Amino acid sequence: MSGGNDIKGFITPNLTPHPDSRVYGWTEDQFINSFRQKKSIKESPMPWSSFKLMTDDELKAIYKYLQTVPAEVMPKVEK
Ligand code: HEM
């Protein structure tokens with residue numbers, strides 16, 4: 001959950017509740033909206049078009065789960 005994986009040159013973000021995490025401080029609405037928008041990076045390997053189909057309840061469940069994992073610093077990027 002702490003990210004740092006290099007997928008075709010894209011680094012997966014830290015999703016844990018650490019102050020340095022990409023999603024730190026995001027409200028539930030902000031988190032859900034990030035899945036509702038078109039992907040911000042066209043070439044992103046994250047399957048946004050599929051994940052966009054998740055329901056609000058599914059995304060709320062993921063959001064709530066991510067609040068429960070330990071806060072971690074992103075590990076050194078693996079090449
Ligand atoms: C339920 C599973 C997942 C969740 C909750 C999740 C969540 C997120 C979030 C919140 C972001 C940041 C978006 C932003 O900055 O606006 C992100 C970005 C990213 N994710 Fe995921 N992700 C998931 C699965 C995946 C998978 C399966 C992959 C790769 C196969 C992936 C790769 C990436 C990458 C490379 C980025 C950075 C580029 C981008 O923002 O599009 N993620 N993810």
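**Exercise 1. Gly 3**

In which segment is Gly 3 found? Determine also whether Gly 3 is buried or exposed, and list its contacts distant in sequence.

*Solution.* The structure is a predicted model.
Step 1: Gly 3 belongs to the segment before strand 1.
Step 2: The relative accessibility of Gly 3 is 14%. Since buried means under 20% relative accessible area, Gly 3 is classed as buried because of this value.
Step 3: Setting aside residues up to four places away in sequence, Gly 3 touches Thr 12, Pro 13 and Asn 14, as well as Met 74 and Pro 75.
Step 4: Gly 3 and Glu 72 are 69 residues apart along the chain, and their C-alpha atoms are separated by 9.4 Å.

**Exercise 2. The backbone at Lys 8**

Locate Lys 8 and state what is notable about its phi angle.

*Solution.*
Step 1: Lys 8 sits in the loop between strand 1 (6-7) and strand 2.
Step 2: Its phi is near 50 degrees, which is a positive value in a residue other than glycine.
Step 3: Most residues other than glycine have a negative phi.
Step 4: With a relative accessible area of 76%, Lys 8 is exposed.

**Exercise 3. The nonpolar core**

Identify the residues of the largest nonpolar core and the helices that each supply at least two of them.

*Solution.*
Step 1: The core comprises eight residues in all: Phe 31, Ile 32, Phe 35, Trp 48, Met 54, Leu 59, Tyr 63 and Leu 66.
Step 2: At least two residues of this core come from helix 1 (28-36), and at least two from helix 3 (56-68).
Step 3: In soluble globular proteins, nonpolar side chains tend to be buried together.
Step 4: For the core member Trp 48, the contacts beyond four places in sequence are Ser 34, Phe 35 and Lys 39.

**Exercise 4. Glu 28 in helix 1**

Classify the accessibility of Glu 28 and name the residues that it touches.

*Solution.*
Step 1: Glu 28 is placed in helix 1.
Step 2: Partly exposed covers the range between under 20% and over 50%; Glu 28, at 23% relative accessibility, therefore counts as partly exposed.
Step 3: Apart from residues up to four places away in sequence, Glu 28 touches Lys 60, Tyr 63 and Lys 64.
Step 4: One of these residues, Tyr 63, is also a member of the largest nonpolar core.
Step 5: From Glu 28 to Met 54, 26 residues along the chain, the C-alpha separation is 14 Å.

**Exercise 5. The iron atom and the largest pocket**

Which protein residue is the donor of the iron atom of the ligand, and which residues are closest to the centre of the largest pocket?

*Solution.*
Step 1: Met 46 is the only protein donor of the iron atom, through SD at 2.0 Å.
Step 2: Met 46 lies in the loop between helix 1 and helix 2 (48-51).
Step 3: The largest pocket holds about 830 Å³ of space.
Step 4: Its lining has 30 residues, and those closest to the centre are Pro 13, Leu 15, Ser 44, Met 46 and Trp 48.
Step 5: Strand 2 (10-11), helix 1, helix 2 and helix 3 are the elements that give two or more residues to this lining.
Step 6: By class, the lining has 19 nonpolar, eight polar and three charged residues.

**Exercise 6. Two loop residues**

Place Tyr 24 and Lys 42 in their loops, and classify the accessibility of Tyr 24 and of Lys 42.

*Solution.*
Step 1: Tyr 24 is in the loop between strand 2 and helix 1, whereas Lys 42 is in the loop between helix 1 and helix 2.
Step 2: Tyr 24 has a relative accessible area of 46% and is partly exposed. Lys 42, at 70% relative accessibility, counts as exposed.
Step 3: Excluding neighbours within four places in sequence, Tyr 24 is in contact with Pro 17, His 18 and Pro 19.
Step 4: The C-alpha atoms of Tyr 24 and Pro 75 are separated by 16 Å, and those of Lys 42 and Asn 5 are 18 Å apart.

Notes
Residues are numbered from 1 along each chain as its sequence is written. This is a predicted model: local features need pLDDT of at least 70, side-chain atom pairs count only at pLDDT 80 or more; totals for chains, interfaces and linings use all residues. Side-chain values use heavy atoms; hydrogens and water are left out. A nonpolar core is a set of buried Ala, Val, Leu, Ile, Met, Phe, Trp, Tyr and Cys residues joined through side-chain atoms within 4.5 Å. Buried means under 20% relative accessible area, exposed over 50%, partly exposed in between (1.4 Å probe, protein chains only). Helices (H or I, at least four residues) and strands (E, at least two) are DSSP runs, numbered from the N terminus. Contact means heavy atoms within 4.5 Å. Donors are N, O and S atoms within 2.8 Å of the metal (3.2 Å for Na, K and Ca); water is not among the atoms, so sites may look incomplete. On a 1 Å grid over the protein atoms alone, a cavity is a set of points where a 1.4 Å probe fits but cannot get out, and a pocket is an open set with protein on both sides within 12 Å along at least five of seven lines; lining residues have an atom within 4 Å of a point. Grid points are joined across faces, edges and corners, and a volume is the space filled by probe spheres set on the points. Ala, Val, Leu, Ile, Met, Phe, Trp, Tyr, Cys and Pro count as nonpolar, Asp, Glu, Lys and Arg as charged, and the others, Gly among them, as polar.
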